[in-house]
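Here are a few notes to read alongside the model. Keep the viewer open and click through the residues as you go.

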Amino acid sequence: MQGQRQRRLSWLTLLATLGLGLLLFGWQLGSTGLVDETPPLFAAAARAMAESGDWLIPRVNGLPRYDKPPLVYWLMALVYKLPAQERWNPLGSWAAALPSALATVALMLVLAETLLRWPQAEPSPGQRQQLGAPLATALGFALSPLVLLWGRIGVSDALFTASLAITLLLAWRTYAAPGGRWWPSWCGLALAVLSKGPVALVLVALSLGLFAWCQADAARLLSRLRPLPGLALAAALALPWYGFALLQEGRPFWDSFFGYHNLQRFTVVVNHHRQPWWFFAAVLVVASLPATPLLLLGLGRALGPLRWRPKPVAAPRSLARFAACWLLSVLGFFTLAATKLPSYWLPATPAAALLIVLAAAGGRGVMDPPLRRAWIATLLLSLLVGIAFLAGPHWVSLIQDPELPTLPAAILASGRLPLAGALYLLAAGLGWLLRRRRWPLPLLLHQLPLVAFVPLALLPLWSLGDQLRGAPVRAMATAVQRQARPGEPLAMVGILKPSLHYYSRRVVVYEGTSPQGPLNLADRLRRERRLGQAPSRPEQQPTVLVVIDQATAAQPHWQDLGATELGRSGPYRLWRLDRLRLEQRAVQLARAGISSSWWQPRPERY
């Protein structure tokens with residue numbers, strides 16, 4: 001009877017995890033447009049894949065896109081294949097973000113189910129602890145600010161995080177349970193390699209290698225994971241796409257995917273993403289707020305006293321040690337990388353969630369003095385965040401974005417900041433009132449107001465930002481569809497938004513704010529060839545549509561071109577330019593010593 005009741009409660013825990021995950025990542029998914037700048041590139045490539053039937057190479061804006069492997073494009077494209085998209089997915093963002101949302105919810109379930117089967121506390125810790133820890137861990141992962149953002153947008157990071165984390169959790173489960181199946185984790189590794197590339201193999205190897213060293217148990221780990229047949233299985237599943245892509249595309253694929261997007265990103269700074277060496281230490285702190293003190297305590301306890309090699313722990317009780325090795329592997333690898341982005345920390349967020357909850361592992365759910373101090377620090381951080389939201393009228397005006405001049409006033413008018421502040425204060429208050437209860441019940445009840453923060457405050461503010469930032473670009477795309485003449489080319493200069501390509505369904509020639517812009521544009525219209533747009537002379541196509549922002553339009557090199565304004569929305573204007581006038585301006589710029597640069601290699605051009 002007790003076992004049956006325990007199974008029923010376990011299923012209820014998983015159902016609660018599923019429900020909260022769908023609330024956090026499924027509620028109002030697709031109600032806002034694609035977030036510039038990267039998600040429209042993924043969405044456009046996936047939609048083109050679904051419409052063209054070419055499932056090998058992603059293509060966007062008439063060019064192949066080699067930056068990521070195809071798994072996320074395949075999943076998006078399957079959704080784009082569903083009929084009547086214009087009616088139920090008019091903004092395109094539901095189909096693009098669904099793989100990220102589902103992958104994040106799936107990882108929440110795997111985290112919860114792992115702790116349900118392998119509770120890390122001492123025997124007989126009490127029913128609440130056994131069932132509360134899985135749900136608190138899943139929410140600890142989901143409520144990370146990084147996960148809340150990347151779990152709702154159409155890029156590959158959430159899918160990679162989920163596939164990598166599930167790979168590592170399955171590997172640990174194989175190690176912890178004698179006689180377990182060795183092959184599921186290697187299938188997960190294949191999916192991770194098809195999500196992001198060879199970095200998945202590096203992170204798995206570092207995590208398992210560091211764990212084997214800390215546990216002084218490499219022989220058992222290797223015998224249970226069977227790496228040789230496992231790697232062969234992963235290669236058989238993942239490598240065919242790489243082989244076919246290389247066979248079809250040749251050197252450009254090799255140079256772009258392996259040379260630029262993998263090797264070069266690690267060895268040199270690309271796209272100006274230079275950060276100090278301690279960057280990911282700061283990201284570690286921010287990504288787990290307000291529970292960062294618990295993370296630091298859990299990390300220290302998992303590693304044990306400082307010594308050359310930590311003391312081994314029993315395999316079924318080694319999950320915290322495994323999570324610490326996982327987190328440190330991500331931290332070390334990306335700290336060494338020359339290019340640093342906040343999203344690179346996402347693969348460490350599941351490990352951080354485990355360490356936060358397992359900070360009290362082995363303590364029978366009772367708060368000892370170190371845990372009590374870490375908990376009070378967590379509550380103080382929650383209190384500070386709540387006060388910061390309530391003090392919004394004093395700092396929101398500091399937000400200065402030329403694209404969103406009315407954003408501060410709109411945020412204050414929405415009334416969401418006081419609500420956000422109240423929810424964080426409620427979380428701090430609940431945590432304080434329940435501080436003497438069995439761990440992790442105080443943490444779980446502290447998390448519930450933060451769950452409510454997402455639909456009640458975060459998503460409305462997200463929608464507000466979309467109305468001010470994304471809606472004007474969509475309005476320009478609609479105007480282009482309405483005003484464009486047959487075969488008339490389209491360009492966007494100044495502020496560059498890939499969503500214009502997605503929503504207009506047209507090839508867009510993108511040029512920046514430099515004085516080379518008119519010269520490059522005239523030259524590209526004459527000479528550049530890409531899928532969906534052929535070179536043309538002014539006699540063949542006498543005009544070009546140009547979407548230009550107000551600040552760029554005021555620059556001297558874009559003045560006095562005889563532009564006909566066809567529409568405006570937000571900071572953007574839609575012009576029709578006479579190409580002969582554009583070519584005359586290009587000649588003037590060339591005589592002034594300005595030369596075209598569009599033909600120079602740009603690995604991430606679109």
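1. Let's begin with Asn61, which is buried, with a relative accessibility of 2%. The cut-off for "buried" is under 20%, so Asn61 qualifies. Keep in mind that this is a predicted model. You'll find Asn61 in the loop between strand 1 (59-60) and strand 2 (63-64). Its backbone deserves a look too: phi is positive, about 55°, although Asn61 is not a glycine.

2. Why bother pointing that out? Most residues other than glycine have a negative phi. Ala84 is another case, with a positive phi near 60°. Ala84 sits in the loop between helix 3 (71-80) and helix 4 (85-88). Whereas Asn61 is buried, Ala84 is partly exposed, at 27% relative accessible area.

3. Now for helix 11, which covers residues 218-225. Which of its residues are buried? They are Leu221, Arg224 and Leu225. Looking down the axis of helix 11, you'd see these buried residues fall within an arc of 90°, so they line one face of the helix. Turn to the face pointing away from that buried side, and you meet the exposed residues Ala219 and Ser223.

4. What do the buried residues of helix 11 pack against? Their partners are helix 8 (157-176), helix 9 (183-196), helix 10 (199-215) and helix 12 (227-249). Just after helix 11 comes Arg226, and its phi is positive, near 50°.

5. Next, check the peptide bonds. Most peptide bonds are trans. The bond joining Asp36 and Glu37 is cis, though, with omega at about 25°. Glu37 belongs to the loop between helix 1 (2-26) and helix 2 (39-52). Another cis bond runs from Leu289 to Pro290, with omega near 0°. Pro290 is in the loop between helix 14 (279-287) and helix 15 (292-303).

6. Finally, have a look at the surface. Ile376, Leu380, Leu383, Leu384, Ile387, Trp432 and Leu433 make up a nonpolar patch there, and together they have about 680 Å² of accessible area. Two elements each give two or more residues to the patch: helix 18 (369-390) and helix 21 (416-433). Which gives the most? That's helix 18, with five residues. Try clicking on Ile387, which is in helix 18. Ile387 is partly exposed, with a relative accessible area of 43%.

Conventions. Residues numbered from 1 in each chain as written. Predicted model: local features only at pLDDT ≥ 70, side-chain atom pairs only at ≥ 80, totals over all residues. Heavy atoms only, no water. Patch = residues over 30% accessible without salt bridge, like charges linked within 9 Å, V, L, I, M, F, W, Y side chains within 5 Å. Areas by Shrake-Rupley, 256 points an atom, 1.4 Å probe, with all protein chains shown as cover. Salt bridge = Lys/Arg side-chain N within 4 Å of Asp/Glu carboxyl O. Helix = DSSP H or I, 4+ residues; strand = E, 2+ residues; numbered from the N terminus. Buried < 20%, exposed > 50% of the residue type's maximum accessible area, 1.4 Å probe, protein only. Arc of directions from axis to C-beta. Contact = heavy atoms within 4.5 Å.
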